[in-house]
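Visitor: I should like to learn how to read the features of a structure that I have not seen before. May we go through it together, one feature at a time?

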Amino acid sequence: MLLKTEGVEKRFGGLVAVKDVSITVNKGEIFGLIGPNGAGKTTFLNCISGFYKPEKGKITFKEQEITGLSPTQLCHKGIARTFQIVRSFPKLSALDNVKVAVVYGGKQHKNPEKHAKELMDFVGFNAAKDVLADNLNTMQLKRLELARALATNSELLLLDEVAAGLTPSELPDFIDLIRRIRDSGVTIICIEHVMKFIMGVCDRIAVLNFGAKIAEGAVEEILNNPEVMKAYLGEENVH
Amino acid sequence: MKKFTKLGSIFLVMLLVVTLFASGCGQKSSSDGDSKVLTVGVDLPLTGPSAKAGQEFKDTVTMAFDEVGNKIGDYNVKLVWIDDGADPQKGTSAYEQAVVRDKIDVGILNWNSSVAVALMETVAKYQIPHYFGMGAAGTINEKWASDPKYHYWINKGWAMPDKMTQAYVDVVSQAIEKGQWSPRNKKLAIYGDDTDWGRSYGASMKKRFTDAGWQVVNEEYTKLGETDMYPLIAKMKSLDVSLVAGTISSPPSIAAFIKQSREQNLKALMISDALGETAGFYSLTGNASDYILDNRPVFTTDKALKFAADFKAKYGYDPSPAAGGQVYDYTRFFIKCANETLKEHGKLDKETLFKFSQEKLMTGQITFTDGVVIPEYKFDKTSAPDPVVGEKNYIFPVVQYFEGKATVVWPDAQKVGDLKIPDYAK
Amino acid sequence: MDSTVISDLLVGGILRGGMYVLMAMGLSLVFGVMRIPNFAHGEFYMLGAYFSYFACTLGGFPPAIAIVLAGIGGFVCGALMEKVTFYPLRKRSRGDWIMNSFLVTAGLSFILQNLAQALVGTDFKGVPQYWGGSINFAGLSVSTDRIVGFLIAMASVAIFWLFLKKTRTGNAIRAVSEHETGAMLMGIELNKIHTLTFALSSMLAAIAGAALLSIIPAYPTMGLQPLYKSWFVVILVGLGNIQATIIGGFLVGVIEAVSSFSLGAMWQDVVSLSIIILVLLVKPTGLFGKKMKV
Amino acid sequence: MISEKSLETGFVKNLKHNLGNFGLSPVAIGLFVLLGFAPYLIGDEYILRLLVISLLFGTLAMGFDLSAGYIDVANWGYAGLMGLGAYTSALLLTNLGISPWIGTLAGAFMAAIFGLLIGVLTLKMDGMFAAILAWFIGLILMALTTSLTGLTRGALGLNVDLYFNTGWSKPYFYVIFVICIVTYIVLRRVTNSNLGLAFSALGQDAEAARTCGVDPMKYKVINFTISCFVAGLCGGFYAHFMGILTPDIMSTKHTVEVLVIAYIGGRRSIWGPLLAAFLVVPVFEYLNFLMEFKYVIYGLLLILVMIFYPGGIAHFYNYIVGIFNEKKRKLTGPESNPFA
């Protein structure tokens, strides 16, 4: 068991965005988080990654309580994330984008530049490494962001809709990349809408609806769960 | 295509810069000529917060030199306007430019004290005599006294505020003695704007009125340009003062103070030094300025009135007695000094002009009695760098305003009417 | 403190605050809708004062008309400047909008101030009174000009407020300030709204300058103080929060009046600024600030 | 066996690399050396003084650029901190007789401490709020300087002794020249190092930077402290160069002057603002005869630059270099960059 949340709750004013969510993520698995729009997935992810401080509940990572720590502290503990809308440092070169994470990610490297380059190759970043991030396309930025997240020596990687916006032809490549990342020893939690992606990579998934968890388990099991069908699949188009 | 427009715009900007450069360089003046030329640098704030005074300086100086045909003896006078922008750093740069580029032989005038202190350094280093800077603050006196090299800043045109304030005490004391005024108490409030000028005046009045038995119950300075005086006046009212004294040099502020004190019915006689310097203050204050006392140069003599009329005819606005009248006097005093120097030394340059100032001007041997606002401009060793203050020398009459017109009430030699006390101050 | 002093201060503070409200509202509006931290806001105040002065003296119009004319003048100038500067800037800008637009407003401020000085001169151009006389009540005496000026300010604020709340255009402006992309999707023409917003904001500042002409004469650098003050107000209540500027304006006015009375005039800035900084430390978005991303 | 020639190129390359670490390209060194001899090459005292002022503003603008360009907080209270440094040094000298050299450093440290405070206070705020809070703190400093007349003499002005017992610009030139070079090298070194990477990351996307492990508090505060140190250092120089201080030195208009230079020079480059000072200061000196229209042009230029070329000189340079590199790439074949 790598990460465990117990009864996490997050409110915005009167609105309960995340309600009593408990999940357990094991080491080495790819854990999917699905649910309709506005179900509180990203909010929940923000609670884990330290951007929001939950009002109630407890989050433990590697047997240590991490509730309420800042993103920086979590990063140093080994939790990295990507963003729903890709975020880069537009006026830094692609290499420097990754280098920031190598240098400040919490582990000393003798040659940060080399390590960054290796990671960029690993995620299949195919543009020139000294190009400003501003000039990259979405696909390149997504890979860059992954490299950056890995560069912090993360053990747990939180992916927020990483497959959104990919063309069907790009998808297999990406699924393969995620698998390779997992195989390198990183546990992954991902929020996803693209069903093909979920079914392709996830070991287990949890379903959120109106901020509450309604199911958790292996992929087939969940997809056949009648409650999930009602709450989620009934309303959304399955890809 | 996009690249082209980008480059195009850069090119445009570059072009602009280059033309500016070119036109700037084209301004260089040739000071070489066949005839003898005396180049006079006039330091004044043509831009920045004191630009109003600067413009009046410029017009007055132009007028004074025009009257002598821009000639001193066989020397043609060339005027160089040094715009100090009322800022020490800009001022010194501009002055350097005037010395190095325009090769000024001598400097005259100045307005802001802080600029004056900075310029003292510049004139000392080039050994350019600078006559009659008008900055008044004590910082100038301090620096002047600290090292003889600063004596190139030849005297201040304006006496330190401290030397001028006694006049008010005399007026008020006289009125009480004569029974013209029996104030309900002897409580005084000092006000002013938070500038070197306002503060030094306030401090001086505080001291002198305290010596004369008045009790200073409030001393307060407002920010330059402040126009909401309600809290200040409310405080004066609550302290029940019967006299308020001070000076505010910013026209909107002083107009606001005067108008609002009448609005709020402040029951006190008011001294407002420098009010008369705001030319046309009456158009801002209206009748709220009635009964106010001021100690300013005024245009009373025929000569003065003629100057004021000539000035108005030429430039279309009324000159103020200080920035106009006094500057006019000092410019003419300078012309007199230059003429005398020429007579004595046979030539005009920075050495002779400096020598003359030390030998004749500072010893009181040469004075100026032909002025429009002051009986006699005179300097001597004891007063330096200030002018000699006294009833026959550097003195301003105390005036009282009615409908914007100044009536001289002191000294007795010049006075036209008695001090009048408004009903609300009785 | 006896009661007349208190009422003196309160009335003084409120009269002062009324003008801050008028100024701050425009500033807040422009920031809320266009994300421009306007450094040239004070210059429109100056333009208003000049317009009114010339309308009064050259045009011979009665004060009320002069103030209205000044408002219209401010509106036209504001619209013009928006079209000439911010419109092209918006078209070209990629990122850093806030700082770039701030610098453009700084440039505008330079230009307007110095053009005024070059063209109109450094004279203080004022009228001794608009209406004259003073109104007495309960031992207080306040000049008519001040009261009427205050009423004009309040009326402008009220009309402006109704405009924002009740008209279609007003709603569109508010929609843009809430969510720009959303508003665009609703079919609101952003360019028009931006121009209108800037023009309205300039108009409010111009009215403030015009209404105070009998108290503060017009001169080129007169805009600086009101600019600072309106920034104090806007920051105190929260950037972009238009309705809260009404409370904030009066608050700053009264705080200044009281601190100026009790500590001395030179301390009023220190006091009001310290209060604002303290507020910001506790609540970084201002007293009533909405959470916003910049 | 290593031939002599390759040894030499190796050495040169090494040197170049090491100097590059300090931000000193051969061109920069050449310009600095040339500048260093300027007092001997230029007999004109007025131009020399302009150079001193350009150096002063250039140094100020570099310090400003460190926070405006890198962490994206335009410090509107910059002039206030400069004034703080100036007054600290001046007061130490007049009241305690402490040498102006030590005083200048003390002033710089004083400003740095304030920078640290401002950094800590504005930590939680967006760039915009931080800028305005810094502005307010600058205004408070100015108001305090004006009001605490017992200490600062307020608007009466404070006479300050100069560094040297002379008004000639030459010695002052070398003082500010050294300050400028040291500032330049330190700032280039800092911004080219990992520290600079952290600053840039924070300035460009604070949230992403946090997920990369960059501690916003720490680096923002470091940045502000360094930037304000430079302001204080320049303030001290100003005090002992001009000989007079009034609270006006802290007014916002001076911040705007520095800001204009920094922006015309180009943010996030350090060298751009320095270069811009040498363009802007002399050009506007030449325009003195235009009076008010000079400032109108100033405003116009600012607007034009912001609308048409917000990246400033530095960006323009990078753009040109970019074109060259692209050409080179095309010439050397597809090896390096098939995708970008």
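**Sheets, domains and interfaces**

Guide: In chain B, six strands form an open sheet in the order S2-S3-S1-S4-S5-S6, with mixed pairing. Strands here are DSSP runs of E of at least two residues, helices are runs of H or I of at least four residues, and both are numbered from the N terminus. Two strands pair if DSSP finds at least two bridges between them. The model is predicted: local features need pLDDT of at least 70, side-chain atom pairs count only at pLDDT 80 or more, and totals for chains, interfaces and linings use all residues. Residues are numbered from 1 along each chain as its sequence is written, chains are lettered from A and ligands numbered from 1 in the order in which they are written, and side-chain values use heavy atoms, with hydrogens and water left out.

Visitor: Which are the edge strands of the sheet in chain B?

Guide: They are strand S2 (71–72) and strand S6 (153–156) of chain B, each of which pairs on one side only.

Visitor: In which sense do S5 and S6 of chain B pair?

Guide: Strands of a sheet pair through backbone hydrogen bonds, and the sense is either parallel or antiparallel. Strand S5 (residues 130–133) of chain B pairs with S6(B) in the parallel sense, over 3 bridges. Within this pair, B:Tyr131 has B:Ile154 of S6(B) as its bridge partner.

Visitor: How do the strands S1 and S2 of chain A pair?

Guide: S1(A) and strand S2 (residues 15–25) of chain A are antiparallel and share 7 bridges. A:Lys10 stands opposite A:Val18 in S2(A). The hairpin that these strands form has 2 residues between them, and A:Gly13 there takes a positive phi near 60°. Strand S1 (residues 3–12) of chain A also runs antiparallel to strand S4 (residues 56–61) of chain A, joined by 5 bridges. There, A:Lys4 has A:Thr60 of S4(A) as its bridge partner.

Visitor: Which domains does the assignment give for chain B?

Guide: Domain bounds come from an automatic or database domain assignment. For chain B the assignment gives domain 1 (37–159 + 319–361) and domain 2 (163–298 + 396–425). Their centres, taken over C-alpha atoms, are separated by 32 Å.

Visitor: How many residues of the two domains of chain B are in contact, and what area do the domains bury?

Guide: The size of an interface is often given as the accessible area lost when the parts come together. In chain B, 10 residues of domain 1 are in contact (heavy atoms within 4.5 Å) with 11 residues of domain 2. The two domains of chain B bury about 880 Å² between them (accessible area lost on being put together, 1.4 Å probe, summed over both), 69% of it on carbon and sulfur atoms. On the side of domain 1, B:Trp158, B:Ala159 and B:Pro321 lose the most area to domain 2, together 47% of what that side buries. The rule finds 0 salt bridges between these domains of chain B, a salt bridge being a side-chain nitrogen of Lys or Arg within 4 Å of a carboxyl oxygen of Asp or Glu.

Visitor: How many residues of chain C are in contact with chain D?

Guide: 44 residues of chain C are in contact with 38 residues of chain D. Chain C and chain D bury about 3,900 Å² between them, with 83% of it on carbon and sulfur atoms. C:Met99, C:Leu103 and C:Phe110 supply 15% of the area that chain C buries against chain D, more than any other three residues. The rule finds 0 salt bridges across the interface of chain C and chain D.

Visitor: What area is buried between chain A and chain D, and how many salt bridges does the rule find there?

Guide: The area buried between chain A and chain D is about 2,200 Å², of which carbon and sulfur atoms give 63%. A:Thr72, A:Phe89 and A:Tyr104 lose the most area to chain D on the side of chain A, together 28% of what that side buries. The rule finds 2 salt bridges across the interface of chain A and chain D. In one of them the side chains of A:Arg87 and D:Glu207 meet (2.6 Å, N to O).
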